[in-house]
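These are my notes from a session with one chain. I took the strands first, then the overall layout, then a few single residues.

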Amino acid sequence: MKCDVCGKKVETTFLGKIVGSYMKNKNSKKKVVCPECQKKHTKEELLKKL
Ligand SMILES: [Zn+2]
């Protein structure tokens, strides 16, 4: 799994959950966002990049 903003690898927990979160872009596609990008960018900025 890769972050859809920065392209960095996103780890998953042993339960299969990602360390990060899912966001839906304007086309309602599920995108992965790592915690670093969540800190660096606002939700609006992230949506523009996805
Ligand atoms: Zn990222």
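**Entry 1, strand pairing.** I started with M23 and found it opposite K31 in β2. The model is a predicted one, so every entry here describes a prediction. I then looked up S21, which stands opposite V33 in β2. How do β1 and β2 run relative to each other, parallel or antiparallel? I noted that they run antiparallel and that 4 bridges join them. The two strands form a hairpin, with 5 residues between them.

**Entry 2, the turn.** I went next to S28, which is in the loop between β1 (21-24) and β2 (30-33). Its phi is positive, about 60 degrees, although S28 is not a glycine. I wrote this down because most residues other than glycine have a negative phi. Is S28 buried or exposed? I counted it as exposed, because it has 6 C-beta neighbours inside 10 Å and the cut-off for exposed is 12 or fewer.

**Entry 3, K24.** I stayed on the hairpin and looked up K24, which lies in strand β1. Which residues does K24 touch, once neighbours within four places in sequence are left aside? I found K29 and K30. K24 is exposed, since 11 other C-beta atoms lie within 10 Å. I also took a distance from K24 to T12: the two are 12 residues apart in sequence, and their C-alpha atoms are 19 Å apart in space.

**Entry 4, the whole chain.** I stepped back to the layout. The chain has 2 helices and 2 strands, and along the sequence they follow the pattern β-β-α-α. The radius of gyration is 10 Å, close to the 10 Å that the globule rule gives for 50 residues, so the chain is as compact as a globular protein of that length. I noted the box that the C-alpha atoms fill along the principal axes, roughly 30 × 20 × 15 Å. What share of the chain is buried? Buried residues make up 12% of the 50 residues. For contacts between residues at least 6 apart in sequence, I recorded that 36% join residues at least 24 apart.

**Entry 5, C37.** I wanted a buried residue and picked C37, which has its place in helix α1. It counts as buried because 21 other C-beta atoms lie within 10 Å, against a cut-off of 20 or more. Leaving aside neighbours within four places in sequence, I listed C3, V5, C6 and L46 as the contacts of C37. How far is C37 from N27? I read 20 Å between their C-alpha atoms, for a pair 10 residues apart along the chain.

**Entry 6, H41.** I moved on to the loop between α1 (35-40) and α2 (43-49), where H41 lies. H41 has 16 C-beta neighbours inside 10 Å and therefore counts as partly exposed. I checked H41 against V5 and found 10.0 Å from C-alpha to C-alpha, with their positions 36 residues apart in sequence.

**Entry 7, K8.** I closed with the segment before β1, where K8 is found. Why does K8 count as exposed? It has 12 other C-beta atoms within 10 Å, and exposed means 12 or fewer, so K8 sits right at the cut-off. Beyond its neighbours within four places in sequence, I found K8 in contact with K2, C3 and C34. C3 is also one of the contacts I had listed for C37. My last distance was from K8 to K29: I got 19 Å, C-alpha to C-alpha, for two residues 21 apart in sequence.

Note on methods:
Residues are numbered from 1 along each chain as its sequence is written. This is a predicted model: local features need pLDDT of at least 70, side-chain atom pairs count only at pLDDT 80 or more; totals for chains, interfaces and linings use all residues. The radius of gyration is taken over C-alpha atoms; the globule rule is 2.2 Å times the number of residues to the power 0.38. Two residues are in contact if their C-beta atoms, placed from the backbone, lie within 7 Å. Two strands pair if DSSP finds at least two bridges between them.
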